[in-house]
Amino acid sequence: MLEEITRRADQLLPECAGNGVRDSFQAAVEPLRRTEATIVFGGRFSSGKSSLINALIGRALLPTDDYPETGVPCWIQSGSRDQAFSYNGRKRRLLAFSTSAIARQVSLVDSSGDYRDEVHRVERILLTLASSSIPPDVTWVDSPGIDDTAAMNARATEAASAADLLVWVVNSRQPMSETEQAFLNDHMAQFGTSKVLFVVNVFLGQDTPEYWRRFLAERAEPIRTRITSVFGHRPQVVFVSARACAGDPAAYGGPQARHLLDSLSPRVLTARLEHAAFGVRGVAEEMEDRVRRHQSALEHRRDQIARERAKFNERERGFRRALNQAVSACFARHREEIERCGPQIEAQIESNFLYNTAYGSLLTGKLRDAADRLADDLVAAANECARENKYRALPAAAVKRLKDSLRPPDVTVPVSNTDVRLGKGGAGAAIGATVGTFLFPGVGTVVGGVLGGLIGGGKGINDSIRVDREATKASARTAGRDAAARLMARQEEVRQLILASCTPSGQAPADPDETPLLSARTLRFKLHELARDCLAEAERRMVS
């Protein structure tokens, strides 16, 4: 199960990185990957932490006194030989391997009872022991005591936070002070309860078996009960007299304390699982906050987009209204000119009727000139509407399409040519027409007809011309009216062409991106699942 948990943790790293919680997540699951264990001895100042460690390693190595003695964390490991080093940042200094040399580095109080500032210049002490009961992959840490100074409390907190297990040394003369309770409650809330176990350092009136038995009979259980009542669960508690067992390691709780420390390996993994569960849960809570912020930002963006879309849509509606009115106004202004093209050709036929097909070309030209002026007016009006409503002007291609769509096709005006019988004046009319063609180019047929009528003395030709003229005028009238109607009927087509071609400056805002919110929600769920499984595995191991 542990391998499955670490595999899932590895898989979550990219998602955590994408959501800005990679560092906190790595810190939460890092203990699961560690192969070395760190056991920190913590407690109030002068509770006997250093004395207890001396008794457990079988050496009077760490300095002890009735005053607060340890102001620097002391790391103790097994090694190839006895050595002592002091560390300050990256600087390491070899020390003499003796209690006095160590005391000069770690002691908080000098012989006169004054606090020593020198301890603040040393970050930690490392002691390696050539012969020790400490396993090779385990480090013991003698931590500064709490309830002394703010600086020492900070160092104690830092050491406890780095621990796989926290062995809390309780002073039997003042078990579980309020300061201790507050410190441990905060620690357990952050790292879990399985990480903490208790060793009560018993201060006997006399270091004798009788006083030891009396303590166990009279005071041990009340102290255990007090510890249990304070933390709401029954933790592991061991009683030992560090000072007495230094003289007799086989008595005064020494074997029980050593057995406790020797059996901690399985508990280390359980504590790490619980630690990881609390840490991952903290990251999940961080994601809860991110989900809320993403949700709030998304709702804010949606409101903003709704307002922007409302403005955009109103601008579009304003452009459409203005354009509709402008197009209608343009067509209305040019209607009379367009519809007058046919009557103009009628008048020309009336004044100078010709038997040819030029009237269709003349009508087409007039209609096209009128259509060009209409198109120019439409382009100017459309561009003005666009400017007022923050739209782009008609592009050149659209202008060309607009003019092409309005350009009338060739118009045909049929010229009537009645086949009349010329009668007796017919020959004269024919001769007159022929003569008139040569004498009066361009109007020879009319003049020739008149001359023929005069020469021939008949009236048939005049009647025929009159009939043809009226018929041709009617044709021009109809052709002009139909062509004007077709041109005016293009109003909606023109409107749609302009609407499609004039685009707003700027696009309508797109829907907000919900990916960050969905990603945060998914990661939050996975983190809660992982924390739950870490805690379940820790509980399973505690039971087994």
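A search of the whole structure, which is a predicted model, finds 8 aromatic pairs. One of them joins Trp-212 and Phe-215 in a stacked arrangement, with 6.3 Å from centre to centre and 20 degrees between the planes. The angle counts as stacked because planes under 30 degrees apart fall in that class. Both partners belong to helix α7 (residues 209-218), where they are 3 residues apart and therefore separated by about one helical turn. Trp-212 is buried, as is Phe-215. Together with Phe-239 and Tyr-252, Trp-212 and Phe-215 form one aromatic cluster.

Two rings also carry a charged group over the face. Arg-124 lies over the face of Tyr-87, at 4.1 Å from the ring centre. In the other case, the charged end of Lys-195 sits over the ring of Phe-191, at 3.9 Å from its centre.

**The loop between β7 and α6**

The aromatic residue Phe-215 is also a contact of Ser-172, whose other partners are Val-200, Asn-201, Val-202, Phe-203, Arg-219 and Ile-223, residues up to four places away in sequence not being counted. Ser-172 is placed in the loop between β7 (165-171) and α6 (178-191). With a relative accessible area of 1%, Ser-172 is buried.

Met-176 lies in the loop between β7 and α6 as well. Although Met-176 is not a glycine, its phi is positive, at about 55 degrees. Its relative accessibility of 0% makes Met-176 count as buried.

A positive phi is also found at Lys-390, again not a glycine, with a value of about 60 degrees. Lys-390 is located in the loop between α13 (358-388) and α14. Is Lys-390 buried or exposed? At 57% relative accessibility, Lys-390 counts as exposed.

**Helix packing**

Two helix pairs are described here, with their geometry set out in the table.

| Helix pair | Angle between axes | Distance between axes |
|---|---|---|
| α11 (residues 265-339) and α12 (residues 341-351) | about 25 degrees | 4 Å |
| α14 (residues 396-406) and α18 (residues 491-501) | about 170 degrees | 10 Å |

At an angle of about 25 degrees, α11 is roughly parallel to α12. The residues that meet are Glu-337, Ile-338 and Glu-339 in α11, and Cys-341, Gly-342 and Pro-343 in α12. By class, this contact of α11 with α12 has 3 nonpolar, 1 polar and 2 charged residues.

For α14 and α18, the angle of about 170 degrees makes the two helices roughly antiparallel to each other. From α14, the contact is made by Ala-398, Arg-401, Leu-402, Ser-405 and Leu-406, and from α18 by Glu-493, Val-494, Leu-497 and Ser-501. Its composition by class is 5 nonpolar, 2 polar and 2 charged residues.

**Individual residues within helices**

Helix α11 also holds Gln-325. Gln-325 is exposed, its relative accessible area being 57%. How far apart in space are Gln-325 and Cys-385? From C-alpha to C-alpha they are 9.9 Å apart, while their positions lie 60 residues apart in sequence as a separation.

Thr-472 is found in helix α17 (residues 460-488). A relative accessibility of 0% places Thr-472 among buried residues. Which residues are in contact with Thr-472, leaving aside its neighbours within four places in sequence? They are Ile-349, Phe-353, Tyr-359, Val-413, Pro-414, Val-415 and Ser-416. Of these partners, Ile-349 falls within the range of α12 (residues 341-351).

Cys-245 is placed in helix α9 (residues 242-247). At 2% relative accessibility, Cys-245 counts as buried. Cys-245 and Leu-56 are 189 residues apart in sequence, yet their C-alpha atoms are 8.9 Å apart in space. With residues up to four places away in sequence left out, Cys-245 touches Ala-55, Val-240, Ala-251, Tyr-252 and Gly-254. Tyr-252 thus connects two parts of this account: it touches Cys-245, and it belongs to the aromatic cluster with Trp-212, Phe-215 and Phe-239.

Note on methods
Residues are numbered from 1 along each chain as its sequence is written. This is a predicted model: local features need pLDDT of at least 70, side-chain atom pairs count only at pLDDT 80 or more; totals for chains, interfaces and linings use all residues. Side-chain values use heavy atoms; hydrogens and water are left out. Rings of Phe, Tyr and Trp (its six-membered ring) pair if their centres lie within 6.5 Å; planes under 30 degrees apart count as stacked, over 60 as edge-to-face and the rest as tilted. Buried means under 20% relative accessible area, exposed over 50%, partly exposed in between (1.4 Å probe, protein chains only). A charge sits over a ring if NZ of Lys or CZ of Arg is within 6 Å of the ring centre and within 35 degrees of the ring normal. Axes are lines fitted to C-alpha atoms, for helices over the stretch in contact, and angles run from 0 to 180 degrees between N-to-C directions. Angles under 35 degrees count as roughly parallel, over 145 as roughly antiparallel, 65 to 115 as roughly perpendicular and the rest as oblique. Contact means heavy atoms within 4.5 Å. Ala, Val, Leu, Ile, Met, Phe, Trp, Tyr, Cys and Pro count as nonpolar, Asp, Glu, Lys and Arg as charged, and the others, Gly among them, as polar.
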